[in-house]
Amino acid sequence: MVDTTIAVFGSTGSLGGMVAARLAARGVPQRLVVRDSSRAPRLERSRVAVASYLDTPAMISALEGIRTAFFVSGEASDERMLHHRAAVDAFVTAGVRRVVYTSFVGTAPDAVFTFARDHFHTERYLESAGLRFSALRSSLYQDMLPDLVIDGIVRGPAGTGRFAPVSRSDIADVTVALLLDEDQPTARIDITGPELLSMAQVAELLGEAAGSPVAFVDETLAEAYESRAGFDVPAYEIEGWVTSYSAIAAGELAIVSGAVERITGHPPISLRAYLEPHG
């Protein structure tokens with residue numbers, strides 16, 4: 001008898017938690033692979049396994065008998081690819097056949113958004129390992145946009161570029177559909193919201209939802225790095241913050257796809273609709 005258990009990484013986080021909950025609601029058996037078992041959700045037909053991407057023996061043990069895995073990209077760091085390669089190697093050794101991976105729209109080896117480069121190389125590594133995979137190239141999360149507002153202002157070098165922010169809920173629905181589709185071939189899928197918006201338009205919508213105006217200040221690159229210089233975070237993280245805006249300005253995120261509706265049967269939620277109950 002074939003074991004249909006799906007390995008789910010990242011179930012202690014927002015997106016992974018949504019995916020795990022939706023799979024549980026469908027009665028799908030899961031192996032929740034986490035670093036801290038005390039934080040794992042308690043779900044029907046799920047078993048918790050403790051492993052990190054760099055702990056190869058624990059990974060292989062956690063993946064025993066697994067054919068399909070939800071591979072959540074590791075935290076942004078200058079060693080992210082080390083973690084990703086170790087995870088993919090463990091998938092291969094353990095006999096995993098299919099992977100759904102959280103990638104990013106506009107992924108390329110020379111992408112302006114520095115974090116997107118890691119996703120390109122991870123996709124290539126999955127391919128070279130011979131794994132069948134779905135790369136979910138999602139746009140920026142709608143859920144994260146309110147966090148950009150500081151003192152009524154969104155700052156960044158986004159210019160008049162546009163992007164189509166997508167909700168984590170829609171990404172979770174796409175993820176579940178793909179995890180359950182045994183016949184899904186290797187594919188790189190852009191997952192976006194329904195409309196292109198400039199950062200100025202996003203700021204206006206955020207202001208409407210909050211009940212007080214939000215302005216967008218279009219910084220130069222130099223101004224963007226200077227305004228973030230006081231944050232106690234590594235340089236690569238600041239570079240990622242800044243280049244996420246400049247990638248918008250460069251047009252790398254100006255993509256609207258119909259993937260959410262095509263795969264899930266429902267249209268993606270707009271940013272305005274998402275913000276209405278969250279204001």
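A residue counts as buried when its relative accessible area is under 20%. By that cut-off, six of the seven residues of strand 6 are buried, so strand 6 is largely enclosed by the rest of the structure. The model is a predicted one. Strand 6 is a good place to start reading it.

Strand 6 belongs to an open sheet of seven strands. Their order is 3-2-1-4-5-6-9, and the pairing is parallel. Strand 3 (46-50) and strand 9 (187-191) stand at the edges. Each has a single partner strand, so one side of each lacks a neighbour in the sheet. From one strand to the next, the twist averages 20°.

Now look at the partners of strand 6. Strand 5 (residues 98-104) pairs with strand 6 (residues 132-138) in the parallel sense, over seven bridges. Arg98 stands opposite Arg132 of strand 6. Further along, Thr102 faces Leu136 as its opposite residue in strand 6. How does the chain get from strand 5 to strand 6? It crosses through helix 4, and this β-α-β crossover is right-handed. Strand 6 also pairs with strand 9, again in the parallel sense, over five bridges. There, Arg137 stands opposite Asp190 of strand 9.

Helices come next. Helix 4 (residues 114-128) packs on the sheet and touches strand 4, strand 5, strand 6 and strand 9. Its direction makes about 160° with that of strand 5. Helix 1 (residues 14-25) lies across strand 1 (6-9), strand 2 (30-34), strand 4 (68-71) and strand 5. Helix 1 runs at about 155° to strand 1.

Methods. Residues are numbered from 1 along each chain as its sequence is written. This is a predicted model: local features need pLDDT of at least 70, side-chain atom pairs count only at pLDDT 80 or more; totals for chains, interfaces and linings use all residues. Side-chain values use heavy atoms; hydrogens and water are left out. Two strands pair if DSSP finds at least two bridges between them. Helices (H or I, at least four residues) and strands (E, at least two) are DSSP runs, numbered from the N terminus. Axes are lines fitted to C-alpha atoms, for helices over the stretch in contact, and angles run from 0 to 180 degrees between N-to-C directions. Contact means heavy atoms within 4.5 Å. Buried means under 20% relative accessible area, exposed over 50%, partly exposed in between (1.4 Å probe, protein chains only). A crossover is right-handed if, with the strands pointing away from the viewer, the path from the first strand over the helix to the second runs clockwise.
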